[in-house]
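The following exercises are to be worked with the sequence and the model side by side. Each task is followed by a solution in steps.

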Amino acid sequence: MKKFLLLLASAVLLPLMAVDIYLAGDSTMADYPAKNAPMTGWGQALRRYAKEGVKVHNLACPGKSTKSFIEEGRWTTLLNQVSPGDYVFIQFGHNDANPKSNSRADADTEYKENMRRFIRDIKAKKANPVICTSIVWMSYRNGKISQSEYFGKYSEVARNVAAEENVALIDLNEWSKNELTRLGAEKAKNYYMIIEAGKYPFFPKGARDTCHLQESGAHFYAKGMISLARAQKLEVAELFNDTPAEKTAPHRTKASDGQVNFEESFHKFVTHSGSAAQEESFPWRLICTNGAKIPLCNDGILCFDHTTGELRLFSEERITTGKFKIRLRINELIPPCNAFIGQISITPWMKHGASFHFNNPRLRANIYLDGKRHAAPPLQKGEWHDLEIIFTEDTITYLLDGKELFSGAAPADKVSKAALIVLNCRNGGKINMDIDSISLTETLAN
């Protein structure tokens, strides 16, 4: 709460001891929901080592390179949250080095410049960048870890940029080469996604993934990072314990529970029905572009008073069957301004999705399904309403305050989708909207 208030109201000052840690990186660092067990990113494990009062915000995302992390607005999202004195750990290279990826960045040119930009942007915020070289693939040759000169080039560039910019370096690449060579392949496979068939529901056929980590491997790298920081006597090492805290179940909250931390606290419970019945917490991410501001927050309610640019709030989890539900009230809408609320595939944009659309002062709703528009009754200005979209393999159904509005055939393309809110205003347009609760429920087959 203190961190959020500092971002929005300069009159509120944060105590000097309140330092947050932000993580920017790829799938080896990222958070994963419990249903993906045993896959775990080392940044996800690192959170359990943080001392009391230290928050770790993991913005790392699978599949991202320095290039795509910038292009998708993720770097801007991170910068908008960072405050003076915070730490930002940066680990990229796996996807930058992928020659088949559109997000590839050449080591000596674009990757180097992006890493240099990350460092300088963080310094400009009077925060502390920490460069981490990429963890190695579990690839052995003659009993030693072997990595291609091509992939190794990215870690070399990261080292050089850290030295040139005079910032802290955690050389996980060199450390993991030595440690995995010492351990040997038989022990190391317990750290990577080398799993047998039938052991984990999400991987019924097993896996032989020598890049991504099991939970034990995530802790192996998290502890390695801390030990390397201690060996260099880096101040950030004092923010961590040597042993992890016990796992704690997330608590059921309203939209923000008095906080707006979109990588850690802003989690909704998602109920999985069927043979794998369980509850787990999925992260939501906020992206603000072209001058849009993070929403104000009062009494556990997200309060959007939006006039400029585009704001997107979306679930990191994408699913194909289940229910999206939101309780909201729209207090004011002045065109030109659009509010899309629903379950929409990210790529291609607005295709194969389902959403409510509001763009007029009387709050008449348009329903979009697979690119086609259908009319719906208006909302009552300033009153709370429940909007639901239920999606199965065959149908999409819209409900307003528990009453069915429309049901139609599901898109033929079974693209997985994210729950998404998009607010886009320009030329004097405005929307004032409050969100009390939001949930995304996935239904799994028996």
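**Exercise 1. The surroundings of helix 5**

Against which elements do the buried residues of helix 5 pack?

Solution. The model is a predicted one, and the steps below rest on its coordinates.

Step 1. Locate the helix: helix 5 covers residues 107–124. It comprises 18 residues and spans 24 Å between its first and last C-alpha, close to the 26 Å expected at 1.5 Å a residue.

Step 2. List its buried positions. These are A107, Y111, N114, M115, R116, F118, I119 and I122. In an α-helix, residues three or four places apart point the same way, because there are 3.6 residues a turn.

Step 3. Identify the partners. The buried residues pack against helix 3 (66–71), helix 4 (74–81), strand 3, strand 4 (128–132) and helix 6 (149–164).

**Exercise 2. The two ends of helix 5**

Describe the local geometry at the start of helix 5 and just after it, and then examine S103 in the preceding loop.

Solution. Step 1. At the start of the helix, the backbone nitrogen of D108 has a side-chain oxygen of D106 within 3.2 Å.

Step 2. Just after the helix, K126 adopts a positive phi of about 60°.

Step 3. S103 belongs to the loop that runs between strand 3 (87–91) and helix 5. Is S103 buried or exposed? Its relative accessibility is 10%, so S103 counts as buried, the cut-off being under 20%.

Step 4. Setting aside residues up to four places away in sequence, S103 touches G63, S65, K67, S68 and N95.

**Exercise 3. Aromatic pairs**

Classify the ring pairs Y111–Y154 and W175–Y221, and state which parts of the chain each one joins.

Solution. Step 1. The whole structure yields twelve aromatic pairs.

Step 2. For Y111 and Y154, the ring centres are 5.0 Å apart and the planes meet at 75°, so the pair is edge-to-face. This pair links distant parts of the chain, with Y111 in helix 5 and Y154 in helix 6, 43 residues apart. Both Y111 and Y154 are buried.

Step 3. For W175 and Y221, the centres lie 5.9 Å apart with planes at 70°; this pair is therefore edge-to-face. Because W175 sits in helix 7 (residues 172–183) and Y221 in helix 9 (residues 215–231), the pair ties together parts that are 46 residues apart in sequence. W175 and Y221 are both buried.

Step 4. Ring pairs also connect W175, Y191, Y192, F220 and Y221 into a cluster.

**Exercise 4. E388 and its contacts**

Establish the position, burial and contacts of E388.

Solution. Step 1. E388 is found in strand 20 (residues 385–391).

Step 2. With a relative accessibility of 9%, E388 counts as buried.

Step 3. Apart from neighbours within four places in sequence, E388 is in contact with K323, F324, K325, F356, T397, Y398, L399 and G402.

Step 4. Along the chain, E388 and D401 are 13 residues apart, and their C-alpha atoms are separated by 8.1 Å.

**Exercise 5. The chain as a whole**

Summarise the chain's secondary structure, burial, contacts and surface.

Solution. Step 1. The protein chain contains nine helices and 24 strands.

Step 2. Of its 446 residues, 53% are buried.

Step 3. Among contacts between residues at least 6 apart in sequence, 69% join residues at least 24 apart.

Step 4. The chain exposes about 20,000 Å², of which carbon and sulfur atoms supply 49%.

Terms used: Residues numbered from 1 in each chain as written. Predicted model: local features only at pLDDT ≥ 70, side-chain atom pairs only at ≥ 80, totals over all residues. Heavy atoms only, no water. Helix = DSSP H or I, 4+ residues; strand = E, 2+ residues; numbered from the N terminus. Buried < 20%, exposed > 50% of the residue type's maximum accessible area, 1.4 Å probe, protein only. Contact = heavy atoms within 4.5 Å. Expected span 1.5 Å × (residues − 1). Polar contact = N/O pair within 3.5 Å; in protein donor to acceptor, adjacent residues only side chain to side chain. Phe/Tyr/Trp six-rings, centres within 6.5 Å; stacked < 30°, edge-to-face > 60°. Areas by Shrake-Rupley, 256 points an atom, 1.4 Å probe, with all protein chains shown as cover.
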